[in-house]
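Here is a report on the salt bridges of one protein chain. The model comes first, the text after.

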Amino acid sequence: MKPYPFTYNPGIPFIQQAADWVADIFYELLPAAGFEVRDEQIYMAFQLEKAFADKQTIFAEAGVGTGKTLVYLLYAVCYARYTRKPAVITCADESLIEQLVKPEGDIAKLARHLDLIIDARLGKSPDQYLCLQKLDQARAQANTDVDWEEIMTGLPSFVYSSAPMQSFHAYGDRRNYPQLTDEQWNAVNWDPFQDCFTCDRRHRCGQTLSRDHYRRAADIIICSHDYYLEHVWTYDGRKREGQLPLLPEHSSVVFDEGHLLESAAMKAFGYKMKHVTFEQLISRLLQNEIRESLAVLIDEAIVQSEEMFNAFGRYNLAIAGSERREIVLTETLLSEVSRFRGLISAIEEELVFEGELYTLDHYQLRIVEEHMEMMQQALLLFEHSESTVISWVENSPEGLTLTVMPGTVKEILEKQVFQLRMPIVFSSATMSVEGSFHYLADSLGIDHYLSFSVDSPYAYQEQMEVMAPQWPLAEGFDGKMKEVVRMLHHTGGRALILFRTRNELRQFKEHVKAEPLLDGMSFYYEGDGEISHLISAFQQEEESVLCAVSLWEGLDIPGTSLMNVIIWSLPFPPFDPIFNARRKAVNDPYQEVDLPYMLLRLRQGIGRLIRSREDSGIIVLLGEELQTNPVVMHKVISVLPKGVELKSL
C-alpha cells in the first residue's frame with residue numbers, strides 16, 4: 001500500500017497537499033469517471049480542510065444527495081496514513097454500517113475509481129455476535145422453533161477443539177444468520193450480563209477474533225455510535241483490568257448521523273443490573289478459602305440484593321407503549337438501596353484484607369471488585385439529591401433488569417472526546433434547529449466548533465409529492481389502514497412504512513394478514529430477520545413493502561424499488577424515562593423537546609425517498625395531529641423541502 005495517494009512534499013503542510021488532491025478528484029478525476037460532482041460537495045471539501053488542519057470539531061450539515069460520505073472518506077484516509085493511526089467512522093446503527101461497506105457502497109466506489117486500496121474493517125457491537133455459552137443453553141432447552149444443533153455444527157472446527165489453533169477466522173456475525181428473528185437471535189447473542197472475562201472460550205470466540213482483526217486496520221474502522229461510546233465509557237476500566245481498549249488509538253472520528261449521538265451516549269453510559277447476575281458473581285468467592293466474616297457478609301448481600309430488586313419490582317409505574325417501567329423513589333425503596341450499598345462497602349473492605357492473604361484467585365477477585373464498584377456507582381446516583389438520574393426496570397426471563405444512567409452526558413463527552421486534539425466531523429442532513437447548531441453542541445458539551453449547511457442539489461418540487469390524507473378519525477386504526485391500502489395500490493407496493501413504535505408495527509402486521517386487498521404483495525418486517533438481508537430482499541423485489549421502526553435514517557435505496565414512503569405516525573418521542581427526564585429539565589417540554597425531536601426525525605424519514613436525480617415518488621403523512629393541531633401542521637410544512645407543498649386528500 002502506498003503511503004499517500006499523491007506525491008508528498010515534506011516541505012508543505014500535509015493537509016494542504018491532501019486538500020489539493022481532493023480538489024483534483026472533484027474537479028478532474030471523478031467527472032472523467034462519469035460522476036456528477038456538485039457544488040455543495042466541493043464546498044464541503046474546503047470546509048473539512050480547515051477542520052483537519054486545525055484539529056477541530058465541525059458540524060457538516062449537508063442535504064441528501066450532496067455526496068458528503070465521499071468527502072469525509074477522502075480526508076479520513078489521507079489523515080490516517082499521515083498519522084499512521086486509523087480513522088474511526090461511527091454510524092447510528094448496524095444497518096447503516098452495512099450500507100457503507102456494501103460492494104456498491106462509497107468505499108468500494110472510491111477504491112475502484114481512484115485505484116486505491118482502502119483498508120476498511122468493521123468493528124461491530126458485541127451484541128452482533130454469537131455467544132457460545134448462550135448457544136449451549138439454547139441447545140439444552142431444546143427450543144423447537146430453531147435447530148440450534150445445525151447452527152452449532154456450522155461453526156468452524158477450531159471452536160470446540162482443544163488443540164492449538166494454527167489458523168482461525170472471525171465467525172458468528174448476526175449477518176450470517178438472516179433466518180433468525182430478532183427474538184431468536186437475542187436467545188444466543190452476547191448481552192451485557194455475559195461474563196466474558198472468565199469464559200474458557202473467550203480466545204475462540206467470534207467476537208474476540210473479530211476485535212483482533214479490526215484493530216489492525218490501517219485506514220478506517222467502521223462501528224456504531226453505541227460501540228464507540230462503549231469504548232469511551234470502558235476505556236479506563238479496561239486499562240485497569242490489563243485489557244486493551246475496545247478501539248485502538250485513532251487519528252480522527254466521523255459521527256455519521258451525528259444528531260443521534262446524545263441518545264447513543266445516554267444508552268452507552270448506563271448501568272444494567274440483575275439479581276441473578278450479582279448472585280452468580282459474588283458466590284464465586286464462597287468457593288475459595290475465605291474468613292467466616294466475609295462469608296456471612298456475602299450471604300447477607302445476596303439476601304439483600306433479592307430484597308432490593310423485589311422493592312424495585314413493587315415501586316414502579318407502567319409506561320404506555322413501552323416495556324420499560326419508571327421507578328418511583330419511595331423512602332422504602334431508597335432504604336433497601338442504602339442497606340445493599342452498605343453491605344457491598346463492607347465486603348469491599350473485607351476483600352482488602354482477604355487479598356493480602358492470597359487465598360483468592362487474583363483474576364476472579366478483580367472481576368468481582370469491578371462489578372461491585374459499578375453497582376456502587378450506579379446505586380449511589382439514587383442517593384444524591386443534586387444528581388439527575390434516569391432509571392427504569394424491565395421484566396426478563398431471569399428476573400427484573402434494572403437500568404440506571406446519568407441524566408446528562410455532556411461532562412463525560414467533553415472530557416473524554418471533545419477535548420482530545422483531533423479532527424471530529426459530525427455529518428448529517430439534519431443537525432441545526434432554525435439555522436443554529438447551538439442546541440446540539442450544548443447537549444454534547446462542545447464549546448468551540450466550526451459549522452456549515454448546504455442544501456440538497458435535488459429538485460424536490462419536481463420529484464416529490466407530499467400528501468396528508470384526511471380520514472374520519474373516529475374510525476381509528478381501521479380508517480388509517482384503509483388509507484395505507486389505497487396508497488400501496490397507488491404505487492404497486494414499492495413502499496417503506498415507518499412506524500414510531502414496535503407496537504404500531506406489530507399491530508399493522510396482524511391486520512395485513514386479514515386484509516384481502518393486500519394479498520400477493522410481499523411484506524418485510526423489521527425483526528423478522530437480519531436487517532441488511534431484509535433491505536436487500538425489499539430492493540430486489542420491486543413490488544414489495546418494507547416495514548420498519550429504526551430506518552428513519554441512512555436507508556439508501558435509489559430507483560424504482562422505493563417510490564412511496566408512508567409515515568404511519570408523526571415521530572414524537574416516547575414518554576419513557578429518558579425523554580421524561582429531558583422534559584423535566586426545560587420550561588416548555590412540548591416546544592423544547594417533543595417538537596424539535598419530531599421534526600428532525602420527520603426530515604430524516606422524508607429523506608429516504610429521493611436518493612438520486614432520477615428518483616420520484618410520494619410521501620404519505622398519516623399523523624392524526626395534522627388534522628387536529630394547526631401548530632403541528634404549520635411546523636411540518638416548514639420542514640418540507642423547498643418548493644414542496646403539503647396536499648390534503
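The report below covers salt bridges and the surroundings of their partners.

This is a predicted model. A search of the whole structure finds 26 salt bridges. Three of them are listed here, each with its N to O distance.

| Acidic partner | Basic partner | N to O distance |
|---|---|---|
| Asp-119 | Arg-121 | 2.9 Å |
| Asp-136 | Arg-139 | 3.1 Å |
| Asp-455 | Lys-642 | 3.7 Å |

**A buried pair.** Asp-119 bridges to Arg-121 through their side chains. Both residues are buried.

**A pair within a helix.** Asp-136 and Arg-139 also form a salt bridge. Both belong to helix α6, which spans residues 132–141. They are three residues apart there, so about one helical turn separates them. Arg-139 has 26% relative accessibility and therefore counts as partly exposed.

**A pair between distant parts of the chain.** Asp-455 reaches Lys-642, with the closest N and O atoms 3.7 Å apart. This pair links distant parts of the chain, 187 residues apart. Asp-455 sits in the loop between β12 (450–454) and α18 (460–463). Lys-642 sits in the loop between α25 (630–638) and β19 (646–648). Asp-455 is exposed, at a relative accessible area of 53%. Lys-642 has 67% relative accessibility, so Lys-642 counts as exposed too.

**A network.** Which residues are joined into one network by salt bridges that share partners? They are Asp-136, Arg-139, Glu-149 and Arg-201. The helix α6 pair, Asp-136 and Arg-139, thus belongs to this network.

How values were computed. Residues numbered from 1 in each chain as written. Predicted model: local features only at pLDDT ≥ 70, side-chain atom pairs only at ≥ 80, totals over all residues. Heavy atoms only, no water. Salt bridge = Lys/Arg side-chain N within 4 Å of Asp/Glu carboxyl O. Buried < 20%, exposed > 50% of the residue type's maximum accessible area, 1.4 Å probe, protein only. Helix = DSSP H or I, 4+ residues; strand = E, 2+ residues; numbered from the N terminus.
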